[in-house]
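Please open the structure in a viewer and keep the selection panel at hand. The stops below follow one another as a sequence of selections.

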Amino acid sequence: KRARAAERATSPARATMGISRDSRHKHRRTGGTKPSFRKKRKFEMGRQAAMTKIGAKRVRPVRGRGGNMKYRALRLDSGNFSWGSEVCTRKTRVLDVVYNASNNELVRTKTLVKNAIVQVDATPFRQWYEAHYGVKVGKKVRKGDEEAEDKKQSKSVTKKLSKRQNNRVLDPNLNQQFDTGRLFACISSRPGQCGRCDGYILEGKELEFYVKKMVKKRKA
């Protein structure tokens with residue numbers, strides 16, 4: 001019996017340790033150990049992190065408890081990003097990961113996770129803005145070029161555009177970003193769970209906060 005028990009203990013199936021989400025193995029607040037009154041259970045199982053990278057789309061389906069499906073994104077290069085103040089959502093390319101509050105290693109390895117600050121392509125948003133307001137953004141246009149680029153528009157269209165100008169306000173920080181062709185955005189979806197990289201464009205106080213954090217990080 002002892003020999004069999006020793007064989008079981010050293011067998012490969014027993015030697016491999018699974019990732020578990022239970023709290024029985026953790027210590028109490030006082031530092032004491034909890035009694036282990038049962039073995040690991042399937043419903044306490046955890047899985048390895050997806051560590052989604054920037055690249056050509058690669059998503060794998062994973063069966064979960066109850067037959068529910070998760071979609072593990074291994075690589076993603078685009079997503080739907082919302083410009084909140086203008087109520088405009090466009091699909092655009094994710095270009096770079098620039099800040100992560102939880103871990104700098106995720107910035108170095110360009111890992112896409114929820115709440116990571118990324119740079120996205122500004123072109124779809126710039127095209128929409130110019131079509132909606134009839135105003136060029138992100139470009140320093142000369143007077144001669146402005147005259148050449150003027151398009152013939154009907155009276156109803158010019159009236160509509162002039163009416164929109166009354167309430168038009170563009171954040172100066174956003175305007176500077178349009179010059180570079182890249183916008184700062186925050187990922188609000190979970191790429192390792194739903195297989196998508198969606199988020200929103202940073203603006204206002206939130207943009208100022210993250211810009212300060214990034215400047216501070218560069219100086220350090």
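Select R24 and E44 first: both residues are buried, where buried denotes under 20% relative accessible area, exposed over 50%, and partly exposed the range in between (1.4 Å probe, protein chains only). R24 and E44 form a salt bridge, with 2.7 Å between the closest N and O atoms; the term requires a side-chain nitrogen of Lys or Arg within 4 Å of a carboxyl oxygen of Asp or Glu. The pair links distant parts of the chain, 20 residues apart, with R24 and E44 each in the loop between α2 (12-15) and β1 (52-54). Helices (H or I, at least four residues) and strands (E, at least two) are DSSP runs, numbered from the N terminus.

Before continuing, note that this is a predicted model, in which local features need pLDDT of at least 70 and side-chain atom pairs count only at pLDDT 80 or more, whereas totals for chains, interfaces and linings use all residues. Residues are numbered from 1 along each chain as its sequence is written, and side-chain values use heavy atoms, with hydrogens and water left out.

Extend the selection to D22 and R38: a network of salt bridges links D22, R24, R38 and E44. The count of salt bridges comes to nine.

Next, select E105 and R108. Their side chains meet in a salt bridge at 2.6 Å, N to O. Both residues belong to helix α3 (residues 105-108), where they are three residues apart, about one turn of the helix. An α-helix has 3.6 residues a turn, so residues three or four places apart point the same way. R108 is exposed, at 60% relative accessible area, while E105 is partly exposed, at 39%.

Move to helix α4 (residues 123-133), whose buried residues are P124, F125, R126, W128, Y129, E130 and Y133. Add K136 to the selection: K136 forms a salt bridge with E130, the closest N and O atoms being 3.9 Å apart. E130 counts as buried at 16% relative accessibility, and K136 as partly exposed at 43%. After α4 comes G134, with a positive phi near 70 degrees.

Which residues other than glycine should be inspected for a positive phi? Select M51, where phi is near 50 degrees, in the loop between α2 and β1; M51 is partly exposed at 40% relative accessibility. Then select V87, with a positive phi of about 50 degrees, in the loop between β4 (78-83) and β5 (88-99). V87 is exposed, its relative accessible area being 75%. Most residues other than glycine have a negative phi, and most peptide bonds are trans.

Now go to strand β3 (residues 69-76), which contains K70 and M69. M69 is partly exposed, with a relative accessible area of 40%. Display the C-alpha atoms of M69 and Q193: they are 9.1 Å apart in space, with the two positions 124 residues apart in sequence.

K70 is partly exposed at 31% relative accessibility. Select K70 together with R21, K42, R47, R63, K114 and R190 to view a surface patch of positive charge. Such patches are made of residues with over 30% relative accessible area and no salt bridge, like charges being joined within 9 Å.

Finally, select C88 and C186. C88 is buried at 2% relative accessible area, and C186 is buried at 1% relative accessibility. A search of the whole structure finds zero disulfides, a disulfide being a pair of cysteine sulfur atoms within 2.5 Å.

Technical notes:
Patch = residues over 30% accessible without salt bridge, like charges linked within 9 Å, V, L, I, M, F, W, Y side chains within 5 Å. Areas by Shrake-Rupley, 256 points an atom, 1.4 Å probe, with all protein chains shown as cover. Lys, Arg positive; Asp, Glu negative; His and termini not counted. Charge placed at Lys NZ, Arg CZ, Asp CG, Glu CD.
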